[in-house]
Amino acid sequence: MKYLVDAKWLKIRLEQTNLVIFDAGMLRPGVLRTYMPEAMLPNAKRFDIKNELADKSNPLSSTMCNAQQFTQVMQHAGVNHDSFIVVYEDAGLFSAARAWWMLKAMGHHNVKVLNGGLKKWLACRYAVQQGYSEALTCGNFEASYNPNYFIDRQQVLAAIDDVNTILLDARAYKRFTGEESEPRKGMRGGHIPQSRSLPFLDLLTDGEAKAFEEIKIKFENAVGTAEYIQFSCGSGITACILALFADECGYKNLSVYDGSWSEWGASDSLPITKDV
């Protein structure tokens, strides 16, 4: 795969001078404690999706910040234009793909995702550290935002009846159908009309990506002949896992609905369906 790398692959590159490792882990919805993994990868820095790199003016959680804010945080972390970035998280694959997508949206494309995350790294008995590292110097990276990476509800609404566009929903299937309640209060059950279910967990085994051919078949069945693919989930986090795998499969014209069901499910003015 182009973007997913394993622990052994990263281990032999730890001495690369332009390497920047980010822990992009975050808590699952409904968990109120502070995110604190048991250890960090060597020289890892924090990629805080929910706080430092979120748009705090938006009532929705974890939405994408602006280019100026992103630039400041990345420069403080020592990121340069020629940095080689690897993002990971504590427990497999949940939010690391979101960091990968954010970096690409802001113009930094030399970025990989550690398949299996910290859990796999520890299983390999590789060295870790306690606490995050700080950059010794300020980086020179300047974000250049590409608005095609993240779309809003109006763009999703406008594409519902477009036969060339499909929206894939990364939530669990019973949340998609409305059979299971949403973890966030005030959310309606169901899904966006014409969207299709592709739960991100169906693409993983114990936090790691399934075999590429298996993932490819699932996307072929879900996408069909659509030329444009939109991705949604609960809050715009796991939708990026679908974007990662779609990119790995060679699909183009990919966009993540940043508000996702946190926005759509909370608004009575937006249409939903519970038909499966």
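Let me start with the open sheet of five strands that runs in the order S1-S5-S4-S2-S3, with parallel pairing. Its edge strands are S1, residues 4–5, and S3, residues 45–46, each of which pairs on one side only. Please keep in mind throughout that what we are looking at is a predicted model. At the S1 end of that order, two bridges join S1 to S5, and these two strands run parallel; within that pairing, Leu 4 stands opposite Val 113 in S5.

There is another open sheet of five strands, and here the order is S6-S12-S11-S7-S8, again with parallel pairing. The edge strands in this case are S6, at 150–151, and S8, at 196–197, and each of them pairs on one side only. As a general reminder, strands of a sheet pair through backbone hydrogen bonds, either parallel or antiparallel.

I would like to walk through this sheet pair by pair, beginning with S7, which covers residues 165–169. Two bridges join S7 to S8, the two running parallel, and the bridge partner of Asp 169 is Ser 197 in S8. On the pairing with S11, five bridges join S7 to S11, also in parallel, and we find Ile 166 opposite Ile 229 and Leu 167 opposite Gln 230. S7 is mostly covered, given that five of its five residues are buried. If you look at the directions in which they point, Thr 165, Leu 167 and Asp 169 go one way from the strand, whereas Ile 166 and Leu 168 go the other way, and all are buried.

Moving on to S11, residues 228–232, this strand pairs with S12, residues 254–257, in the parallel sense over three bridges. Across that pairing, Gln 230 stands opposite Ser 255, and Phe 231 stands opposite Val 256. Four of the five residues of S11 are buried, so the strand is largely enclosed by the rest of the structure.

Now, one residue of S11 that I want to single out is Gln 230. Is Gln 230 buried or exposed? Its relative accessible area is 10%, and because buried means under 20%, Gln 230 counts as buried. Which residues, then, is Gln 230 in contact with, once its neighbours within four places in sequence are left aside? They are Ile 151, Gln 155, Val 156, Ala 159, Thr 165, Ile 166, Leu 167, Leu 168 and Ser 255. For Leu 167 in particular, the C-alpha atoms of the two residues are separated by 4.4 Å, although Gln 230 and Leu 167 are 63 residues apart along the chain.

Turning to the helices, H8, residues 239–248, lies across S7, S11 and S12, and it runs at about 175° to S12.

Helix H3, residues 96–105, deserves a slower look. Why is H3 described as largely enclosed by the rest of the structure? Ten of its ten residues are buried, so that description follows directly. The buried residues include Trp 100, Trp 101, Met 102 and Leu 103, and also Arg 98 and Lys 104. What the buried residues of H3 pack against is a set of elements comprising helix H2 (67–76), strand S4 (84–88), strand S5 (111–114), S6, H8 and S12. Comparing that set with the strand orders, S4 and S5 belong to the sheet I began with, while S6 and S12 belong to the other one. After H3 comes Gly 107, whose phi is positive, near 95°.

Finally, I will come to the second largest pocket, which has a volume of about 460 Å³. Its lining is made up of 21 residues, and those that lie nearest its centre are Thr 17, Leu 19, Val 20, Asn 43 and Lys 45. Which strand gives the most to this lining? That is S2, residues 19–23, with three residues, and S2 sits between S4 and S3 in the order of its sheet. By residue class, the lining divides into eight nonpolar, nine polar and four charged residues.

Key:
Residues numbered from 1 in each chain as written. Predicted model: local features only at pLDDT ≥ 70, side-chain atom pairs only at ≥ 80, totals over all residues. Heavy atoms only, no water. 1 Å grid on protein atoms, 1.4 Å probe; cavity = no way out; pocket = protein on both sides within 12 Å on 5 of 7 lines; lining within 4 Å. Points joined across faces, edges and corners; volume = space filled by probe spheres on them. Nonpolar A, V, L, I, M, F, W, Y, C, P; charged D, E, K, R; others polar. Pairing = 2+ DSSP bridges. Contact = heavy atoms within 4.5 Å. Axes fitted to C-alpha atoms, helices over the stretch in contact; angles between N-to-C directions. Buried < 20%, exposed > 50% of the residue type's maximum accessible area, 1.4 Å probe, protein only.
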